Amino acid sequence: MKVSLNWIRDYVDLSGLEASELAHELTMRTVEVEDIIVQKETYDKIVVGLISELRKHPNADKLKVTIVDVGADEPATIVCGGCNLYEGQRVIVALPGSYVRWHGEGEPVEIKSTKLRGVMSYGMICASEEVELGELFPASKEAEIVDLKDFDVPAGMPISEALQLDDIILEIDNKSLTNRPDLWGHYGIAREFAAIFKRELKPLTTYTLDTNLRGTKDALPITIEAPERCLRYAGLVFTGVDAREAPYWMRLRLSSAGMSPHNCLIDITNYVMLTTGCPTHGFDRRFVEEEIIVREAKPGETLELLDDTFLELTGEDLVICDAKEPMALAGIKGGKKDSLHEDTTELVLEVAIFDAISIRKTAQRFNIRTEASARYEKALDTPRADQSLALACDLIFKHFPAAKLLGYEDVVAKHTEPVVIQVDIEDLSRNLGRKTTVNDVRSILSALGFTVTGDEILTVTAPSWRSTGDIEEFCDIVEEVARIIGYENFAYIPPVVTMEKAVKQDSFDLERKVREYLAFRCGFREVFTYPWVDDQLLEAVEMADADLLRLAQPPAPEQSRLRPSLVPSLLNNARSNLRFTDNIRVFEMAQVFLPGHELTPGTEEKLPLQPLNLAATIVSDEDQGVRVFRELKGILEELPYYCGAEAFSFGSIRKPGWADKDVWLNLVTNSGEIIGNLGLLSKKAMNTADIKLAQMAILELNMDKLAPLPSRDNIYRPLPRYPLVEEDFALVVDEEISWEQIRSLLAPMVRGLTFVEEYRGTQIPDGKKSLFFHVKLGSDEKTLSSEEIAGKRAAIIKQLKKNFGAELRQ
């Protein structure tokens, strides 16, 4: 959104404040300012030129050589291709060293003295788009340059001075305005500046609507048949108006805000919207039959818009109608027939408040976004219409002296109730992290339009323009006070952090390991696809008739259903990539969406079931079907081992719809539950999905059913500094002595211990068995000598004999 500081100055004194300071403070306290445009700098070295002579170009029929007075000692020779040049014409001249947009496109380019078809040209005579004045001076045909015949200014005067282009424009990020409907007009921004810099906010207008004109015989009756979608509708009937041009100052402000001027009536409606943030619209009284009805459209009704677009309306659309037919798409765009025309003499002025969600849905359905719909979608308050009514009337009477208000109607279906919040000053100070007083809070909130009563426990009443979803609870008041104080004025208090052992989440570790296994060890590429699927692909996997979840606003009619499986997404991926390669190895791990519901933790919100699935495919030549199936089966068999998951088995229990009738398997847990499928894509599925000359092996696995194995704690042991010695032991022990008992006894005495075998035979007495194992002996201080090795070996035998009665096998 573009904000004119000259416009803002109508409502708040900004003297002594630089544009950079204004932008910084507004960014830190309210909304993000993305850019500052200083018009004088934009038009540096661009001046008014007076054409004194026109000559034919000797080498080009479409070019002319002009002699132009640019206020210098000598006139400038400029080659120009303008179609509307004449001697004595005042034009805009870009002198060498200035910057313009060539034909209104691309980045600004520097103007230099240069030869054009053999003739030196010392500057450029500009069209409006080339100096970013397309809205102020719209061209009626190609190659038309700006004609300044209405400006009695001397040659050489800077164009910024001649055209009063002395404004500073702040470009505000629209995303930062999303929850602030009050800031979609200049008066709302002026209120913020007044609060930030502690300056007086001037009244928007002093005009007061004459209530005696309400319901007169000339007023149009108004009926709101959809009170939940239209909160307020006012219609005022004026006579004595016409399609004259708006005053230059108004056209200049509209163009500075990015809107094109039209005529005075239309410009007033746009000016009011850009000032108050509440859109208005004008109808030609001649075409409004008997009354105004705000209702939902009837099936079969159509509407031709101002841009010649025909809409086929449904009952989901809110329309403004007269006694016969729809006149406008409510809150979005007017109809061609009933809107203002060049010969309009009687005006019906609409000032209305519509439901935000209703406007947003209709705008999305028809893909029509306008300045009006953008504001209505943010949720406007009903009292805002009073500001627009008063300002519109004030402007109409000032610029149409013969205008007369014949009558009006104003119907309110639902008032915007101000939000009331109780604020404990101690709680507020504690949440702010600094001591604040009642007077400070009262001063800050009052400047923002809040009403504050009470002492220690304050009753804060939000203004209507902040009560449509912006201000709702105590924390919102904390934010209001904090941002006006300035976040940079709060002392930094470092948080107290206690470092604790990280929580080990085996399920997340398993997901990561599966991804790494497929990507690093098996050579797959991970893909990410949209959650909606094409009907054709659902038919390919035999899910087209299933009860699936649908999107309220699908990206396309044939993509209205959410995926119940990842297999359709893999088919789409393969279909797209087979144009470029014959071999594909991809996988996706993502949620699928199934009917049913689960509650969001801590809330009563119901969501669809969203299990996490893994799907992978290997695509190869059409004669490689068995090979790719076996390869994918081998990858699955190794997955539990490499990823630390409980093993599963393969079985043939229930064939997936997309699989070949002979080449398929189910993945089955130890409890007999099917957790996935593996198979070769059937010929029918490939034909339906339009996949040709290839074979696809596909697996799909429910990751939520794949249980991770419990992990152990690993202990770091450094590598030995001195060589280790390996010794073999063959012991005869009683049958009931286990290897675990021997391992537990010897582990503290050795550097390594490995079981080799257990033997029973004719050489071993009854009730006995032979255990054969390796041990590793070593020292952290030196290499062991033969005597030391023998001593350690003897100590091991001694302990085994003492504890288990073991004897060395001979």
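Helices and strands here are DSSP runs, numbered from the N terminus. Keep that numbering in mind for Lys198, which sits in the loop between helix 5 and strand 13 (222-224). The model is predicted.

**Stop 1: Lys198**

Select Lys198. Its phi is near 55°, a positive value in a residue other than glycine. Is Lys198 buried or exposed? Lys198 is exposed, with a relative accessible area of 70%.

**Stop 2: helix 2 and helix 5**

Now select helix 5 (residues 186-196) together with helix 2 (residues 19-29). Their axes come within 11 Å and cross at roughly 95°. The two helices are therefore roughly perpendicular to each other. Show the side chains at the crossing. Helix 2 brings Leu22, Glu25, Leu26 and Arg29; helix 5 brings Ile189, Glu192, Phe193 and Ile196. By class, this contact has five nonpolar, no polar and three charged residues.

**Stop 3: the largest nonpolar core**

Keep Phe193 selected. Phe193 is among the residues with the most contacts inside the largest nonpolar core. Add Tyr233, Leu236, Ile320 and Phe354, which are in that group too. The core has 126 residues.

Centre on Phe354. What is Phe354 in contact with, leaving aside its neighbours within four places in sequence? The contacts are Arg229, Cys230, Tyr233, Val294, Leu318, Ile320, Ala330, Gly331, Ile359 and Tyr376. A second, separate core has 32 residues, including Leu510, Cys522, Leu614 and Leu667. The tour comes to its part of the chain later.

**Stop 4: helix 7 and its two partners**

Select helix 7 (residues 264-276) and helix 6 (residues 248-256). The axes come within 10 Å, with a crossing of roughly 55°. Helix 6 and helix 7 are therefore oblique to each other. The crossing is left-handed. From helix 6, display Trp249, Met250, Arg251, Arg253 and Leu254; from helix 7, display Asp267, Ile268, Asn270, Tyr271 and Leu274. These make the contact. It has six nonpolar, one polar and three charged residues.

Now swap helix 6 for helix 10 (residues 384-399). The axes of helix 7 and helix 10 come within 10 Å and cross at roughly 145°. This crossing is right-handed. On helix 7, pick Cys264, Ile268, Tyr271, Val272, Thr275 and Thr276. On helix 10, pick Arg384, Gln387, Ser388, Leu391, Ala392, Leu395, Ile396 and His399. By class, the count is eight nonpolar, five polar and one charged. Ile268 and Tyr271 of helix 7 take part in the contact with helix 6 and in the contact with helix 10.

**Stop 5: Asp308**

Select Asp308. Look for it in the loop between strand 17 (302-304) and strand 18 (310-312). Phi of Asp308 is near 70°, a positive value in a residue other than glycine. Asp308 is partly exposed, at a relative accessible area of 45%.

**Stop 6: two loops early in the chain**

Go to Ala60, in the loop between strand 3 (46-56) and strand 4 (64-69). Ala60 is buried, with a relative accessible area of 10%. Draw a distance from Ala60 to Gly335: the C-alpha atoms are separated by 47 Å, with these positions 275 residues apart along the chain.

Next, select Gly81, in the loop between strand 5 (76-80) and strand 6 (90-94). Gly81 counts as partly exposed, at 37% relative accessibility. Setting aside residues within four places in sequence, Gly81 is in contact with Lys62, Leu63 and Ala143. Then draw a line to Phe804. Gly81 and Phe804 are 111 Å apart, C-alpha to C-alpha, and 723 residues apart in sequence.

**Stop 7: helix 16 and strand 33**

Select helix 16 (residues 567-577). Which of its residues are buried? They are Val567, Pro568, Ser569, Leu570, Leu571, Asn573 and Ala574. These buried residues pack against helix 15 (535-540) and against strands 28 (532-533), 30 (584-591), 33 (612-620), 36 (674-681) and 37 (695-702).

Finish on Ala615, in strand 33. Ala615 is buried, with a relative accessible area of 0%. Not counting residues up to four places away in sequence, Ala615 touches Leu566, Leu570, Val586, Phe587, Glu588, Leu699 and Glu700. Leu570 is one of the buried residues of helix 16. One last distance: Ala615 and Asp582 are 20 Å apart, C-alpha to C-alpha, and 33 residues apart in sequence.

How values were computed. Residues numbered from 1 in each chain as written. Predicted model: local features only at pLDDT ≥ 70, side-chain atom pairs only at ≥ 80, totals over all residues. Heavy atoms only, no water. Core = buried A, V, L, I, M, F, W, Y, C linked by side-chain atoms within 4.5 Å. Buried < 20%, exposed > 50% of the residue type's maximum accessible area, 1.4 Å probe, protein only. Contact = heavy atoms within 4.5 Å. Axes fitted to C-alpha atoms, helices over the stretch in contact; angles between N-to-C directions. Helix = DSSP H or I, 4+ residues; strand = E, 2+ residues; numbered from the N terminus. Parallel < 35°, antiparallel > 145°, perpendicular 65-115°, else oblique. Left-handed = near helix turned anticlockwise from the far one by under 90°. Nonpolar A, V, L, I, M, F, W, Y, C, P; charged D, E, K, R; others polar.
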